[in-house]
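Work through the exercises below with the sequence and the model side by side. Try each task before reading its solution.

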Amino acid sequence: MGGLSLLNSAVPPRRLAEANAALNVGGYLPAGLLPVSAGYLSDAVGLTTGATVFAAALAALALLGAVLVLTAPRSATAPFIGGEMKATGRALENNRRNTQKSPSDR
């Protein structure tokens, strides 16, 4: 629910379906594949070893993700969030102004 709320607040309406699809693929695909791969790994090398290797791999990926987020230049994400949100905000404000005018003012 948090991800969908974030999409609604950060993505322009014309791109919302696309962003929702990307969220579903990016979230549900790994959520299904990771436990299955952990099961196959545990069958191949044993439960203790498989769980340990799997946990170490996930920890390494989480650490890599944290490093990428912390070392990424701020301007790499700012144009989308700042630019799109400002443009969307301006469009919404213009739309509000246009709908509040009386028919004779238009």
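Helices (H or I, at least four residues) and strands (E, at least two) are DSSP runs, numbered from the N terminus. This is a predicted model: local features need pLDDT of at least 70, side-chain atom pairs count only at pLDDT 80 or more, and totals for chains, interfaces and linings use all residues. Residues are numbered from 1 along each chain as its sequence is written, and side-chain values use heavy atoms, with hydrogens and water left out.

**Exercise 1. The overall layout**

Task: State how many helices and strands the chain has, and what share of its residues is buried.

Solution.
Step 1. Count the elements. The chain has four helices and zero strands.
Step 2. Read them in order along the sequence. The pattern is α-α-α-α.
Step 3. Set the burial scale. Buried means under 20% relative accessible area, exposed over 50%, and partly exposed in between (1.4 Å probe, protein chains only).
Step 4. Apply the scale. Of the 106 residues in the chain, 8% are buried.

**Exercise 2. Helix α1 against helix α2**

Task: Describe how α1 and α2 pack, then place Leu-7 and Asn-8 in the picture.

Solution.
Step 1. Recall the two quantities. Two packed helices are described by the angle between their axes and the distance between the axes.
Step 2. Fix the convention. Axes are lines fitted to C-alpha atoms, for helices over the stretch in contact, and angles run from 0 to 180 degrees between N-to-C directions.
Step 3. Take the values. Helix α1 (residues 2-10) packs on α2 at about 150°, with the axes 10 Å apart.
Step 4. Classify the angle. Under 35 degrees is roughly parallel, over 145 roughly antiparallel, 65 to 115 roughly perpendicular, and the rest oblique. Therefore α1 is roughly antiparallel to α2.
Step 5. List the contacts (heavy atoms within 4.5 Å). Gly-3, Leu-4, Leu-7 and Asn-8 of α1 meet Leu-16, Ala-19, Asn-20 and Leu-23 of α2.
Step 6. Sort them by class. Ala, Val, Leu, Ile, Met, Phe, Trp, Tyr, Cys and Pro count as nonpolar, Asp, Glu, Lys and Arg as charged, and the others, Gly among them, as polar. The contact of α1 with α2 has five nonpolar, three polar and no charged residues.
Step 7. Look at Leu-7. Its relative accessible area is 15%, so Leu-7 is buried. Beyond its neighbours within four places in sequence, Leu-7 is in contact with Leu-16, Ala-19, Asn-20 and Leu-23. Leu-7 and Leu-23 are 16 residues apart in sequence and 8.9 Å apart in space, C-alpha to C-alpha.
Step 8. Turn to Asn-8. At 54% relative accessible area, Asn-8 is exposed. Twelve residues in sequence and 9.3 Å in space, C-alpha to C-alpha, separate Asn-8 and Asn-20.

**Exercise 3. Helix α2 against helix α3**

Task: Is α2 oblique or roughly parallel to α3, and which residues make the contact?

Solution.
Step 1. Take the values. The axes of α2 (residues 16-45) and α3 (residues 47-71) come within 7 Å and cross at roughly 140°.
Step 2. Classify. That angle makes α2 oblique to α3.
Step 3. Name the residues. From α2 come Leu-34, Ser-37, Ala-38, Leu-41, Ser-42 and Val-45, and from α3 Leu-47, Thr-49, Gly-50, Ala-51, Val-53, Phe-54 and Leu-58.
Step 4. Sort them. The contact holds nine nonpolar, four polar and no charged residues.
Step 5. Pick out Ser-42 in helix α2. Ser-42 is buried, because its relative accessible area is 15%. Not counting residues up to four places away in sequence, Ser-42 touches Leu-47, Gly-50 and Ala-51.

**Exercise 4. The charged pair**

Task: Which side chains meet in a salt bridge, and how accessible are they?

Solution.
Step 1. Apply the rule: a side-chain nitrogen of Lys or Arg within 4 Å of a carboxyl oxygen of Asp or Glu. The count comes to one salt bridge.
Step 2. Identify the pair. Arg-15 and Glu-18 meet at 2.9 Å, N to O.
Step 3. Check accessibility. Arg-15 is partly exposed at 41%, and Glu-18 is partly exposed at 49%.
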